[in-house]
Structures are given as structure tokens and as C-alpha cells.
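Visitor: Could you take me through one part of this protein slowly, as I'm new to reading structures? I'd like a close look at a sheet, and then at what surrounds it.

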Amino acid sequence: MLTRKLLTFSAVLGTVLAVGLTAQAQEAKTITRSEDPVIMEGKLFPELMGKKIEKLRLFAFLQGEFKPIPFQVDEKLPDGSYALPNLAPGVREGKDVITNDEDQGLLDENDDLIFLVKDIGDRVVRSLWKEGYDKGLEIIVTDPLTGGKGYAYLLHFETPPPPSEVDYVKIHHEKDRSTIETPNYTLAGPDGEFYYDYLSIIGGDGKKGSDLLDRMEKIRAKAKVRLVRIGFRFGFDVVTKTIVIARKDGPVRVISRSKGAMDFKLIKIKGGGYSESYFYFNHFSRPIVLELPVSLNTFLSSFDLYGACDFTKETYGSKVYDPVNTRGTLLDGKMSEAEKALITDVDHDWVVGTSPDVGTIFQRLFFPPEWLKHVKRGSYILDDETINDEPEDNPGQVRVGYYFGNFVKCLLKGRHVYYEYYYFPEKFKWGEQDKILNIIDNPVKTEAGTGIE
Ligand SMILES: [Ca+2]
Ligand SMILES: [Ca+2]
Ligand SMILES: [Ca+2]
Ligand SMILES: [Ca+2]
């Protein structure tokens with residue numbers, strides 16, 4: 001009896017001691033998502049309105065410690081576009097880019113807070129938040145499918161402690177080329193061009209491998225001129241020229257804004273407006289903006305179009321899957337029976353190529369609804385080392401993407417925008433595609449509040 005009492009007493013004492021030594025989370029992190037970015041508008045943080053952004057810090061409670069985590073605030077102008085502080089050489093502030101928000105660095109309703117779900121942590125009571133802050137909020141991120149939650153703390157300090165030292169995305173420029181460097185991928189391309197020609201991704205050994213990319217992407221058509229029935233070939237990636245005008249290089253993402261134009265040698269079409277690419281640790285996204293001064297069907301009868309990445313032989317051994325072709329086809333430079341028998345007439349918005357050694361490229365494609373009345377995003381693989389579609393940096397085709405059919409009815413006079421996402425998840429296996437699809441299809445929910453006592 002006495003022994004049991006003593007044991008109980010020591011167990012209680014042990015718990016008390018443990019609480020004294022390391023702070024206890026109130027609720028452990030239960031959200032299991034690893035790939036999602038989180039974007040929250042400033043209006044969700046009323047207590048911090050008008051505070052200097054440089055005096056904000058974001059924290060997570062992880063393994064019993066309140067630690068700074070990587071974040072950035074991307075300020076938006078009153079018209080909703082981002083202020084981009086780094087102008088490209090020779091570019092002046094004006095219609096296409098403004099470097100500072102009108103409030104000169106204060107948090108306002110439309111500024112965006114950006115961080116990653118993988119960095120957030122457990123829930124912790126207010127008394128355990130970092131000392132020295134004067135205003136602060138608790139952020140709750142919820143997976144709408146599982147109800148799993150994670151927490152972060154956005155605090156304002158008169159004298160802020162050091163921020164996280166992690167910088168997930170770096171961009172550098174040398175010898176007429178730009179390179180994006182993240183833990184998961186390195187992506188590069190020549191200045192002035194719309195396409196990328198270098199990609200290395202994180203493989204099964206946790207290291208980045210060799211160059212997988214001939215060209216991202218080849219967007220090419222066989223067109224026929226009305227009445228005269230003359231055919232010609234059109235390479236969107238060949239005639240489109242882009243110029244970077246400004247960037248913002250933060251620890252969580254890089255925003256890069258460029259202006260485009262099409263150069264047909266005889267006719268030059270200047271693009272109105274601009275487009276922006278967003279680079280994160282595990283993916284990048286970009287809208288493709290088309291400004292057509294005239295509807296193509298006024299002079300073309302057909303515009304038979306495909307859009308695909310052309311890879312290098314380094315991708316051999318990878319398997320390609322999409323929602324329609326779920327058995328996987330092998331990339332090896334030869335058209336197999338399975339590749340020849342691919343189901344190509346079902347519209348879908350993603351395709352993945354993966355191998356345990358090489359790594360994973362997961363692509364999504366979103367078209368405007370008015371295009372989808374006329375075309376399908378059908379499966380398309382041309383895996384043939386004997387065929388070329390110039391220009392070729394790496395002879396042969398390892399083309400994976402979409403075949404659209406006759407695009408002529410889609411390309412009407414005016415402005416068209418579609419979106420591409422490329423994800424490079426680490427240690428991905430076929431069967432885990434929801435990890436990537438849910439980022440956009442079932443996005444995490446966010447809220448901010450005063451926290452718990
Ligand atoms: Ca603003
Ligand atoms: Ca602002
Ligand atoms: Ca093959
Ligand atoms: Ca090639």
C-alpha cells in the first residue's frame with residue numbers, strides 16, 4: 001500500500017518536474033500536409049493593422065520551443081498588384097511596376113502573409129509566446145478534409161528578435177541566364193526567352209541530379225491558312241520573347257514579373273500588361289498571358305496544337321501517369337505498345353513523371369472555361385529518340401504533356417490567361433497524388449485569433 005502511494009507520488013512529481021523543464025503544448029500539431037504554401041491577407045490581422053512589417057516575426061512551437069519560422073509579407077498596391085522592390089537593370093518605376101506600397105512598409109488590409117504548412121507547429125498558451133512582443137495573434141491552419149490543425153504566431157515587437165535564417169528560394173543571374181535555386185530543384189533558362197532549358201530535382205538519395213530538361217515547354221502547332229490551304233508550323237516557345245522587369249526575392253518565395261512579346265520576324269506583337277511567376281521550395285507557378293490583336297480564325301482554318309516538356313535521356317526509367325492513364329508508361333526513348341495505346345481523348349488537368357532514383361515532376365494545367373468548350377487537355381507522350389522537333393538542345397523526343405486538337409476557335413481577339421503549376425515533391429510515390437492535388441483542389445483553411453490562456 002505504502003509502496004503504491006510512493007510510486008504514485010513519484011509519478012506525479014515526475015510530471016511536475018517535466019512541466020517545469022520543458023513547456024508543454026496545449027494541442028499537438030495534427031495537420032499532416034507537407035507541400036502547401038499558406039497565403040493570408042492582412043485584413044485577417046486587425047490587431048496588427050498599420051504596424052511596420054519589418055517589426056513582425058512569425059513563430060511556431062516545435063519540440064517544446066518557440067522558434068522563428070520563415071515568412072514574408074508581400075505588399076499589395078491599392079489595385080491589388082504586388083509592390084516589387086527589385087527592378088531589373090534599365091527598368092524604371094511606372095505603369096508596369098511600383099517598388100513600394102503607398103504606406104511605405106506598413107501592414108494593411110490587402111498585403112499578403114506567406115509561409116509554409118510544413119513549418120507550423122503545436123498550439124501553446126499565451127503565457128508561453130515569445131517574451132517582449134506588444135501585439136500578437138494566433139494563426140490556425142486547418143486541413144478541410146481531415147480536420148487536422150497546426151498553429152503559428154504572428155507577433156509585433158518594438159525591438160524584434162532575429163528572424164529565421166532559412167531562405168528557401170534564391171535567384172541569381174549570370175552570363176545572360178537566370179537560375180532559381182531551392183532545396184528541391186534548380187531551374188534555369190536564357191534571358192529573353194519564354195522557356196527553361198535546365199532542371200535538376202531532388203532524387204531518391206536526397207541530392208539533386210543531372211539536367212532533365214531539353215525545353216520547358218514546347219508549345220507548337222501545325223496551322224492551315226484559310227482558302228489557300230497553305231500549312232505552316234508555329235512554335236509559341238520559339239517566337240515568344242519575355243523580359244524580366246522586376247522581382248521580389250523573399251525567404252519563402254520569389255516573385256518574378258515579366259513582359260512578353262511575340263516576334264514573327266516580319267510582324268512583332270507587343271504584349272500588353274505583364275505576367276508573374278512564383279517560385280517556392282517545392283514548386284513554381286505561372287500564368288501564361290496571350291494578347292491577340294486579331295482572332296486567329298479570321299485567317300486560319302486550323303491550329304493543331306500540343307504543349308509538352310521535352311526531357312533529356314536522364315529521365316529514362318521514369319514512369320508517367322495521369323488520371324486517365326493510371327498504369328504508367330515507361331520513358332526509354334522508344335514508343336511502347338502502352339504509349340501508342342494511350343487514352344488521349346479525355347480532358348484532365350494533371351500529369352506526373354516519377355522514379356525512385358530521378359525524382360518527381362508533377363504538372364497541373366488550368367484553362368479558361370471558354371477554351372474548354374472547344375478543346376480537351378488530352379494525354380500526350382512522344383517518347384522517341386529518333387524524332388526531332390527543332391530547335392533541339394538534346395536530340396530526340398521525350399515529350400510529356402497535352403494534345404489539344406484544333407485550337408483555332410479558342411484564340412479569339414483579346415486577352416487570354418491560363419495557369420501552369422510544376423511541383424517537385426521529395427520522395428513522392430504513385431498513389432500519393434492527393435498530396436499535390438489537394439493544395440489547389442482542397443486548400444487549407446486559415447483563421448487568426450487571440451489564442452488561448
Ligand atoms: Ca497594401
Ligand atoms: Ca502595406
Ligand atoms: Ca517508352
Ligand atoms: Ca529533345
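Guide: Let's start with some ground rules, then go to one sheet and work outwards.

This is a predicted model, in which local features need pLDDT of at least 70 and side-chain atom pairs count only at pLDDT 80 or more, while totals for chains, interfaces and linings use all residues. Residues are numbered from 1 along each chain as its sequence is written, and chains are lettered from A and ligands numbered from 1 in the order in which they are written.

Here's the overall picture. The protein has five helices and 28 strands; these are DSSP runs, with helices being H or I over at least four residues and strands being E over at least two, numbered from the N terminus. Its C-alpha trace spans about 100 × 55 × 40 Å along the principal axes.

Now for the sheet. Five strands make up an open sheet in the order E14-E13-E20-E26-E25, with antiparallel pairing. Two strands count as paired if DSSP finds at least two bridges between them. As a bit of background, strands of a sheet pair through backbone hydrogen bonds, either parallel or antiparallel. At the edges are strand E14 (231-235) and strand E25 (378-384), each of which pairs on one side only. From one strand to the next, the twist averages 25 degrees; the axes behind that are lines fitted to C-alpha atoms, for helices over the stretch in contact, and angles run from 0 to 180 degrees between N-to-C directions.

Let's begin at the E14 edge. Strand E13 (residues 213-225) pairs with E14 in the antiparallel sense over five bridges, and Arg220 has Gly235 in E14 as its bridge partner. E13 and E14 form a hairpin with five residues between the strands, where Leu227 takes a positive phi near 65 degrees. Is E14 buried or in the open? The number of buried residues among its five is zero, so E14 lies largely in the open. Buried here means that 20 or more other C-beta atoms lie within 10 Å of a residue's own; exposed means 12 or fewer, partly exposed is in between, and C-beta atoms are placed from the backbone. For the protein as a whole, 36% of the 453 residues count as buried.

Further into the sheet, strand E20 (residues 300-311) and strand E26 (residues 397-406) run antiparallel and are joined by seven bridges. One pair to look for is Asp310 with its bridge partner Arg399 in E26.

E20 also leads us to the core. The largest nonpolar core has 90 residues, and those with the most contacts inside it include Phe115, Leu199, Phe303 and Phe407. A nonpolar core is a set of buried Ala, Val, Leu, Ile, Met, Phe, Trp, Tyr and Cys residues joined through C-beta atoms within 7 Å. E20 gives the largest share of this core, six residues. Domain 1 (25-166) and domain 2 (170-440) both give residues to the core, so it lies between them. Pick out Phe407: leaving aside residues up to four places away in sequence, Phe407 touches Ala221, Phe303, Leu305 and Val375. Contact means that the C-beta atoms of two residues, placed from the backbone, lie within 7 Å.

What about those two domains? Their bounds come from an automatic or database domain assignment, and their C-alpha centres lie 32 Å apart. Across the boundary, 21 residues of domain 1 are in contact with 22 residues of domain 2. On the domain 1 side, strand E4 (72-74), strand E5 (86-87) and strand E6 (112-116) are the elements that give two or more residues, and E6 has the largest share, three residues. By class, this side has 15 nonpolar, two polar and four charged residues; Ala, Val, Leu, Ile, Met, Phe, Trp, Tyr, Cys and Pro count as nonpolar, Asp, Glu, Lys and Arg as charged, and the others, Gly among them, as polar.

Finally, here's another hairpin to find for yourself. Strand E15 (residues 240-249) and strand E16 (residues 254-263) pair in the antiparallel sense over nine bridges, with four residues between them. Ala246 stands opposite Arg257 in E16, and Arg257 also stands opposite Glu276 in E18. E16 and strand E18 (residues 275-279) pair in the antiparallel sense over five bridges.
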